[in-house]
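Trainee: I should like to work through this model with you, one question at a time. May we begin once the structure is on display?

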Amino acid sequence: MVSGIKLSKRDRIFLICTYTYVAIALLLVAYPILYIISASISDPKMVASGEMWLLPKGITFKGYEIVFQNSKIWTGYGNTILYTLLGTTINLVVTMPAAYALSRKDFVGRGFFMGMFMVTMFIGGGLVPTYMLVKGLGMVNTMWALVLPGAASIWNIIVSRTFFANSIPAELQDAAQIDGATNIRLFLRIVLPLSMPIIAVMALFYGVGHWNSYFGAMIYLNDDAKYPLQLVLRQILVLQEMQSQVGGIIDATAAAAQNNKAEIASLVKYGVIIVSTLPIIVVYPFLQRYFVQGVMIGSVKG
Amino acid sequence: MQETEKMHLRTINSHKNVKRKFKGQTWKKIRQNWELYIFIAPAFFYFLIFSYGPMYGIQIAFKNYIPSKGYFGSEWVGFDHFIRFFNSYYFWDLLWNTLSISLYELAIGFPIPIILALAFNEVKDGFFKRLVQTVTYAPHFISVVVMAGMIITFLSPSNGMIIHAIEGLGFSAPQFLTSPGWFKTMYVFSGVWQSAGWGTIIYLAALSGVDPGLHEAAIIDGASRFQRVRHINIPTLIPTMTILLILNMGGLLSVGFEKILLLQNSLNMSSSDVISTFVYRSGLVDAQYSFSTAVGLFNSIVNCILLITVNQIVRRTSENSLW
């Protein structure tokens, strides 16, 4: 912060403590992640015995082979990509124009709309009435049940509205209107091109949400072929269904012992964790700035 | 725009009375900006259908809902479902589990991001700081299913990583996944691992707004770094802390039920069953629609009361309340 002044003894001790604390936090968070990466390519025997504790040992790609051969995982991947793209598009189409309208001071009724939307932050219908509504609309076992009930989040509308209100100069809009531009033209040609940062943030927030969600799919979908990745992962990681499936594969190749199956199954688990989280983990460091921006805009009360 | 509007006002003012003028202006704004109503329409209908629609369905909490009879045909039973819930043998267990998990989470998960943010703020800008931030934010993006999978794998009694570590230190490892006594700790600490880093962002934003002059003045007065953190940085965070605390209190009865549902098993049920997982099970699995709607409604009413109460208390004692 303020440098150039020689550190006193107590400041040096304080800084050493701070850096130690931060370094411990770093290690605690990083270690499980590194462990999973290493375990996914290590000999499962060494993982199970605890011999592999940081760097991969007895490197094998068997886990990934099984993961890539599993058609369920690929179907799930495809479904998730579809739901994420469709869902995020709907989210943006609902959120952006509404947030822009709410950012306009000359929009008659914005207090009413804002109030109506905000109430839903605190009061909701609850799980069962929502389920019955979705069922009543005939959306059960269709992808619409996953993308429409969460088509907008009031939080994201507020964040975008704050951005529009603070970052698009009102004079620009006035000038465009005097020149006879309609509101639609103004929004599409002037406001949106200036709002790429917030569009990126919103697309990321909504997109990650769709990618990671499982609960909607669990209650609304009953057809395996429509399952998103997270639901397939739930079967493998939480319900441990891979054990028997892997067993089948192993038995076909060699007469393997029971605990060998379990070892392969856990190898597969590390593999699917990596494969399913990879897109986000790879993209994330590049987009981190935008995510952080999004949280910051949200924290400025608008 | 303002200029033209003012001129407009003046001309209208000259031959019409004040009331008519305002009406005329509002009407003119509505006509001029009619497209904005198209902009808001999708969101309006979304909230109307998917947020207000279910609120209409809450009435079945007071009815004996039978799907074939529909909302209207089902008979009213008043508070029967609520009374049945309050008198059930599991009521106090559910309430206790829900509250204790929430408060445990609050006690551990609330201060850690604050301390972490204060520490991050002292670290010099550069590679190390960027690395720490990138790594600690990352778990936020891990899905709840993968998180649960990681917990189950790491704590697996035969070959879990954490079990190996504990045994390596010479202790005997408990059965984390299946013992009720460990469920809450497992839930809370995995949550801290996943979200403490991300939680610092909002505090770091507040810290970046500190006037550097304050620090300079404090240095001249001979304040140590610790004293500056204590007397400048921490007071800066208090408004943010208060707001987040109020919001957290308002959610005391809505614990992260997606993760609990995944970690729940028949052996740890006695400490892992919370109100929201109970609503899911009785409502969607056992199809007791009316009863579970009543339980859900009880849950949200308590949340609302808590939020309002805490906000009132805060408003009396400081100026940082939500409203």
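Mentor: Please bear in mind that this is a predicted model. One residue to start from is Glu122(B), which is buried because its relative accessible area of 10% is under 20%.

Trainee: With which residue does the side chain of Glu122(B) meet in a salt bridge?

Mentor: Glu122(B) belongs to helix α7 (residues 111–122) of chain B, and its partner belongs to helix α13 (residues 225–250) of chain B. The pair links distant parts of the chain, 103 residues apart. The partner is buried as well, with a relative accessible area of 12%. With 2.6 Å from N to O, the residue in question is Arg225(B).

Trainee: How many salt bridges are found over all chains?

Mentor: One of them is the pair of Arg225(B) and Glu122(B), and another joins Asp106(A) and Arg104(A). A search of the whole structure gives the total, which is four.

Trainee: What N to O distance applies to the salt bridge of Asp106(A) and Arg104(A)?

Mentor: Arg104(A) counts as buried at 4% relative accessibility. Asp106(A) is buried too, with a relative accessible area of 17%. Their side chains meet in a salt bridge, and the distance is 2.9 Å.

Trainee: In the salt bridge of Asp273(B) and Arg281(B), how far apart are the closest N and O atoms?

Mentor: Here Asp273(B) is buried, with a relative accessible area of 9%. Arg281(B) has 25% relative accessibility, so this residue counts as partly exposed. The closest N and O atoms of the pair are separated by 2.8 Å.

Trainee: Which helix gives the most residues to the nonpolar patch on the surface?

Mentor: The patch comprises Met118(A), Val119(A), Met121(A), Phe122(A), Ile123(A), Trp155(A) and Leu247(B), with about 590 Å² of accessible area together. Ile123(A) sits in the loop between α5 and α6 (127–136) of chain A, and this residue is partly exposed at a relative accessible area of 41%. The helix that contributes the most, with four residues (110–122 being its span in chain A), is α5.

Trainee: In the largest nonpolar core, which residues touch the most other members?

Mentor: The core has 159 residues, and helix α15 (residues 258–299) of chain A gives the most to this core, with 14 residues. Domain 1 (1–76) and domain 2 (80–317) of chain B both contribute, so the core lies between them. The members that touch the most others are Phe117(A) and Tyr214(A).

Trainee: How many residues of helix α9 of chain B are buried?

Mentor: Helix α9 covers residues 144–154 of chain B and is mostly covered. Among its buried residues are Val144(B), Met147(B), Gly149(B), Thr153(B) and Phe154(B). Of the eleven residues in this helix, the number buried is eleven.

Trainee: Over residues 141–166 of chain B, what is the helix percentage?

Mentor: The unreviewed UniProt entry lists these residues as a "transmembrane region", along with others including 36–55 of chain B. Residues 36–55 are 100% helix and 0% strand, with end C-alpha atoms 27 Å apart. For residues 141–166, the end C-alpha atoms are 28 Å apart, strand is 0% and helix is 65%.

Trainee: How far apart do the end C-alpha atoms of residues 144–165 of chain A lie?

Mentor: For chain A, the unreviewed UniProt entry places "transmembrane region" at several spans, including 144–165 and 267–287. Residues 267–287 are 100% helix, and their end C-alpha atoms are 30 Å apart. Residues 144–165 are 73% helix and 0% strand, and the separation of their ends is 32 Å.

Trainee: What separates the C-alpha atoms of Ala225(A) and Lys72(A)?

Mentor: Ala225(A) occupies the loop between α12 (215–220) and α13 (229–238) of chain A. This residue is partly exposed, with a relative accessible area of 48%. Along the chain, Ala225(A) and Lys72(A) are 153 residues apart, while the separation of their C-alpha atoms is 7.9 Å.

Trainee: Asn141(A) is not a glycine; what is its positive phi?

Mentor: Asn141(A) lies in the loop between α6 and α7 (144–147) of chain A. Its relative accessible area is 17%, so Asn141(A) is buried. Its phi is about 65°.

Conventions
Residues numbered from 1 in each chain as written. Chains lettered and ligands numbered in written order. Predicted model: local features only at pLDDT ≥ 70, side-chain atom pairs only at ≥ 80, totals over all residues. Heavy atoms only, no water. Buried < 20%, exposed > 50% of the residue type's maximum accessible area, 1.4 Å probe, protein only. Helix = DSSP H or I, 4+ residues; strand = E, 2+ residues; numbered from the N terminus. UniProt positions renumbered as here; feature names shortened; annotations may be inferred. Patch = residues over 30% accessible without salt bridge, like charges linked within 9 Å, V, L, I, M, F, W, Y side chains within 5 Å. Areas by Shrake-Rupley, 256 points an atom, 1.4 Å probe, with all protein chains shown as cover. Core = buried A, V, L, I, M, F, W, Y, C linked by side-chain atoms within 4.5 Å. Domains from an automatic or database assignment.
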